[in-house]
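Student: Can we go through this one by asking what earns each label?
Tutor: Sure, let's put it up.

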Amino acid sequence: MIVSKQMHDMSLLNDASALLRSSTSKELYKELQALIERHDTIRVKTGINLVAAEGPMSLQARQLLSCDLGSRASGGSIGRNNRFFTGLDQADEIEALCIVLLKELFECSHADPRLLGGLHANTVIYAALKKHFKVSDMSTLSTFYGGNSSNHSLGPPGILNYSISNLPVDPNTLEIDLNAFEYMAKFRQPKLVSLGAGLNLFPFPVKEIKDIISRWGGLLLFDGSHQAGLIAGGVYPNPLSLGADIYTASTGKTFSGPQGGVICWNSEKFSSPVSTTIFPILTGSHQLNRIAALTVSCLELKEYGLEYMVQGITNAKQLASNLQTHGLNVLCSEKGFTETHQVIVKWTHEEGARLACHRLADVGIFANAVPLPED
Ligand SMILES: *Cc1c(COP(=O)(O)O)cnc(C)c1O
């Protein structure tokens, strides 16, 4: 959900205070264990997960999240001369392996996995482009067309004072209206176009947009947080080979790895700006245990990515078609519903989609609500 004011529910914090006052540390530890077990029962053992922003992580990758690397101070880049601390030779080898695997999977010259998530990756890019390339004017998808807040005034480009305009979208097809974009460009030529959405049924026109903005030297950021696994598996067009300058991704979505972020690029001109913005500007120690786990997820995608992602898309199409047969209004039926892992059901009942999702969650089916154009 995107709201301008995000606050914790105070009643839950008050309950926690009461629990803390009435329990010993031993009891609290037991309570913590019980909550984790209950979560596992509901989400893993019995639940049906339809949250498109989550991919299942393998046990091999998951186990490495508890390895010793997770407690080591890691600040800096790979190599004895580039880290702040010593004792990281094995960590260096692991992180190097992770990077070469990412470069192979995403078919790019540079990849950096030191980011905490897609939003952190985007933050680094907005900061680096502003500082080193004097970019502060961008176009992106409105949040009502799936645009993510990490590319909006409520997110990193907002706090960096970017001037942000919306890309024109055809409300019927949900596709970017290239003619309207060309027309708008007569009056406003954004130095940056950010293509990224939480709602991705079909590939974006990366090449077409890059062709247009190239006329004034515009840069293209492809925020493919959702599509990372699909791209690594080779079932979704690689944005960098279509002309995107920079690609940011989440590793916990279709990539099916630990929560984290990656930045990929080809041109050497971004290397120093991006690396120095990551460290020391916007990251201290990054999580080496996460890097180890991510390396396993990369290996899994290298071996099984194609098969796994093809199956995911097949499942999504089948689910969409079954839901429609059962009377739900599934978007884009005329185009085969989806070419990704996502399925969108238009829910027009008065209760709204969020309440409907909570009703589903109460019976063990987990989905999430997204705003649509008419909302
Ligand atoms: C999920 C998402 C993000 C944020 O990624 P995190 O890994 O959750 O930080 C950013 N952009 C888009 C388009 C997303 O879908």
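**Labels and their cut-offs**

Tutor: Across the interface of domain 1 and domain 2, ten residue pairs are in polar contact, both residues at pLDDT 80 or more. A polar contact is a pair of N or O atoms within 3.5 Å; within protein, one must be able to donate a hydrogen and the other to accept it, and residues adjacent in sequence count only if both atoms are side-chain atoms. This is a predicted model: local features need pLDDT of at least 70, side-chain atom pairs count only at pLDDT 80 or more, and totals for chains, interfaces and linings use all residues. Side-chain values use heavy atoms, with hydrogens and water left out, and residues are numbered from 1 along each chain as its sequence is written.

Student: Why is E175 with K335 called a salt bridge?
Tutor: The closest N and O atoms are 2.6 Å apart, and the rule asks for a side-chain nitrogen of Lys or Arg within 4 Å of a carboxyl oxygen of Asp or Glu, so the pair qualifies. The count between domain 1 and domain 2 is one salt bridge.

Student: What makes D223 a polar contact of the ligand?
Tutor: A polar side-chain atom of D223 lies 2.5 Å from a ligand nitrogen, so the pair meets the polar-contact rule. K253 has a polar side-chain atom 2.9 Å from a ligand oxygen.

Student: And how do you know which atoms S150 uses?
Tutor: An N or O atom in the S150 side chain is 3.5 Å from a nitrogen atom of the ligand.
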